[in-house]
Amino acid sequence: MSDLIRRDLAHLWHPCSQMKDYEDFPPVEVTGAAGSYLHLRNGSRLIDASSSWWCKSLGHGHARLRAALSRQADRFEHVISANTANETLVGLSERLAALCPPLDKVFYGGDGSTAVEIALKMALHAQRIRGQTQRVRFIALENGYHGESGLALAVSDLGLYREPYAEVLPEPVILRGLPYVASSADPLWNDCGPAWPALQAQLEVHARTAAALIVEPVLQGAGGMRVYSPDLLRRLRAWTRAHGVYLIADEILTGFWRTGEKLAWDHVRGGADAAPDLLCLSKGLTAGWLPFSATLVHPELYALFYADYGRGRDFLHSNTYSGNALGAAVAAEALSIYDEPGFGESVAALSARLAAAWTHAAEATGALENLRAVGAVVAADLRLPESLRGRRAGFEVFREAVARGALLRPLGDTLYWLPPLNTEEETVDELTRITIESIQAVRRRMGF
Ligand SMILES: Cc1ncc(COP(=O)(O)O)c(C=O)c1O
């Protein structure tokens, strides 16, 4: 163990980790990062197979984003965004206002959880302003994940993360029986009619008490990289509108081309009438350069809050770094890159490459099941006998992959690739080889 790692373990409490695991699987020592790779002190490199928790959508060290950050740092780095205005933030807001019409108001936060917290609070508060004070429940989807802060965790259906705090978190209504698909080729993708009656029946019970419904459109990340039919979103939008329930689209993972469309909500193809009421962005918004998030708001919801001060219509939410100028400058440049002609086509090419390589990995190992893919994400579950479930086979694959050159951080026994959107073909080949070898090594050792 190097001196740095000893010092690290003496003081750092790493996120989403059991610290005892680091005793025989210490953190890797990063000295640099470029493109899809992390560079390590021992001279080797690791493929960042999950884009550093899904945010490095344009890879590490992108020259244009570095230049945008540095230009802004030369002007000013941060000013309070209440009672001030600046070109960087106004310019970015104009562009975000065009992303998902008619959502044309933008409220900035720090990280993804904050964006969700803001959306949930706005929805609850708006219902109160409308006189719908009985509307105090949130509806969420099974296997959904929306962040770690109080309300965001409350509406997440992840027992492992939520359970220790369940006593103090508001209980959401969880919709079960989602129309999950393996890919857009599944007939359910365009028509989830067979699943709808059972879902509608669950919704109807809460038609008069629900404040908002929150969804990760099309792709659920932390709940297992599950893909579901965009037709469900169309139906949920119609149902929520008919019953005066707000709809929140959490695009913190899916925003900016990850699912093959600029926004995952674009799969819905219903135009402005089918837009959500609130939409949360982070991660890819700055391509993972800074903690920065935005909640886009429907003008009708915004109008409810527009009133004389002190009448219960003031949204007094504040985060110190709301509208941070460095984050805004990088986000504006990232949006320019996402908007370039051919960007969507390049994501489509990567997506096809990933899907083919994933199928090959499954065939070569015979150890993957429930293969699924959407945009530049592929996932599958390790095919394990009952006796090996809960024995951390996924974690073992992770360790093997790190030893071979890929930071392939599974979700339990679910393996997935979610690399930067500009990942090179050779890197996909390398990742495929490492994944196959890592699975085979664990398979031999654990016997499955
Ligand atoms: C869909 C979704 N919502 C919210 C969050 C929370 O974002 P953050 O970790 O930046 O607070 C995440 C993080 O992974 C996410 O995937």
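A pocket is here an open set of grid points, on a 1 Å grid over the protein atoms alone, with protein on both sides within 12 Å along at least five of seven lines. In this predicted model, the second largest pocket has a volume of about 990 Å³. Its lining comprises 33 residues, of which S81, A82, V106, F107 and F315 are the closest to the pocket centre.

Several elements of secondary structure contribute to this lining. At least two residues each are supplied by the helices α4 (87-96) and α10 (299-305) and by the strand β4 (105-109). The largest share, four residues, comes from β4. By class, the lining of the second largest pocket consists of 19 nonpolar, nine polar and five charged residues.

The surroundings of the ligand were examined in turn. The ligand is surrounded by W54, D111, G112, S113, Y145, H146, G147, E216, D250, I252, L253 and K283. This shell divides into four nonpolar, four polar and four charged residues.

Polar contacts of ligand oxygen atoms involve both backbone and side-chain atoms of the protein. At G112, a polar backbone atom lies 2.8 Å from an oxygen atom of the ligand. For S113, the distance between an N or O atom of the side chain and a ligand oxygen atom is 2.6 Å. The side chain of K283 likewise places an N or O atom 2.9 Å from an oxygen atom of the ligand. Taken alone, the ligand exposes 390 Å², and 84% of that area is buried by the protein.

Technical notes. Residues numbered from 1 in each chain as written. Predicted model: local features only at pLDDT ≥ 70, side-chain atom pairs only at ≥ 80, totals over all residues. Heavy atoms only, no water. Near = heavy atom within 4 Å. Polar contact = N/O pair within 3.5 Å; in protein donor to acceptor, adjacent residues only side chain to side chain. Areas by Shrake-Rupley, 256 points an atom, 1.4 Å probe, with all protein chains shown as cover. Nonpolar A, V, L, I, M, F, W, Y, C, P; charged D, E, K, R; others polar. 1 Å grid on protein atoms, 1.4 Å probe; cavity = no way out; pocket = protein on both sides within 12 Å on 5 of 7 lines; lining within 4 Å. Points joined across faces, edges and corners; volume = space filled by probe spheres on them.
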